[in-house]
Amino acid sequence: MFVDRQEIAGELLEEQSRVQAHRMRTRDLSKYNAIIFSADYSSILTFVDTEVPGAQSLEGVLEGLATRPSSQKTHWADMAGGFAIGMRQVAHGFAGPDAAKVAMSCVDLFDWEGESDEEDIKGISEISGVDMHDKQPNLIVANAETVDLPEPADVVTSVEGIQYFYNPLAAVANWYNQLNENGLLFVARLPLLPWSGNITQAGTDEQTLFTRIFDNFTQNGVSFAVEGPGTKDDPDFSLLALQRKEGTRLQQNAEVLQVTTDTEDYKSVVYTSDSPALEVVLS
Ligand SMILES: C[S@@+](CC[C@H](N)C(=O)[O-])C[C@H]1O[C@@H](n2cnc3c(N)ncnc32)[C@H](O)[C@@H]1O
């Protein structure tokens, strides 16, 4: 475990400790797959199939990448990963990939396992089918917005995390910039709003911020797919998938102007009008 708590403000820990006590932190692989690889998300499935032919699940993507003719391990990083149940399932070889070929990092503000009592851990082990004390992933206790991974990742996921962040665009840029070339990023977030619903830019309407970002991706040849909200499996989620283009990074042009928190404890973040708010630049 690597703990980078110095970087985390005490107020953020206090806030998220309160907020997350009532949130789902134990999604397993099947739930991640239902959210990210839902049959309702045809553009995401097409995107994935182009990058990793035949893959229709997270473990399929990991397996596809792990069997590339490369001696390197495939590195999956899950941002705001909670109890990292899916990682433990992959490590147990539940759903395919040769565990020795996959390295995994779970980034979260908390070591949820360490902070839970043994009764709860037993319950989670029973429900998830994995012994929580066995095959623990590399836990990085840090703010996912700013975390420095120990090594670049081939796949970065984030499920129901980014809506709690004070600077979600910085998080997306940070994750993109720590992907290996051609690495894949999947960001799924609540709530029942269009992608741009509560990430806005001063002086423009809701759609404009993301329209400009996506136009910039297209102009610079960055592959991406966006869906949501609403799949049969989980009608609340919206999803962004993108691939890091060789020799590029994402630069954040717009700064945070205002953050408010709604009754669901989700953040609405208003950025300055600098456009595009995220821009593809040469690395
Ligand atoms: C609703 S849970 C989702 C956990 C997991 N992805 C799942 O679906 O089971 C949200 C997680 O985000 C974490 N979190 C919130 N803000 C964070 C931040 N700034 N950096 C890292 N983790 C954060 C919380 O501690 C919590 O574990």
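**Chat: strand β3, the ligand shell and helix α3**

Reader: Let's start with β3. Is it mostly covered or not, and how many of its residues are buried?

Author: Six of the seven residues in β3 are buried, so the strand is mostly covered (buried: 20 or more other C-beta atoms, placed from the backbone, within 10 Å of a residue's own; exposed: 12 or fewer; partly exposed: in between). Strands are DSSP runs of E with at least two residues, helices are runs of H or I with at least four, and both are numbered from the N terminus. This is a predicted model: local features need pLDDT of at least 70, side-chain atom pairs count only at pLDDT 80 or more, and totals for chains, interfaces and linings use all residues. Residues are numbered from 1 along each chain as its sequence is written.

Reader: Which strands does β3 pair with?

Author: β2 (residues 74–79) pairs with β3 in the parallel sense over six bridges, and four bridges join β3 to β4 (residues 138–141), also parallel. Strands pair if DSSP finds at least two bridges between them. Thr74 has Val102 of β3 as its bridge partner, and Asp108 stands opposite Val141 in β4.

Reader: Switching topic: what's the make-up of the shell around the ligand?

Author: Nine nonpolar, seven polar and six charged residues. Both α1 (10–20) and β3 (102–108) supply at least two residues each.

Reader: And which residues of α3 are buried?

Author: In α3 (residues 42–51), they're Ile44, Phe47 and Val48. Seen down the helix axis, they fall within an arc of 95° (taken from the directions from the axis to the C-beta atoms), so they line one face of α3.

Reader: What's on the other side of α3?

Author: Ser42, Thr46 and Thr50, which are exposed.

Methods: Nonpolar A, V, L, I, M, F, W, Y, C, P; charged D, E, K, R; others polar.
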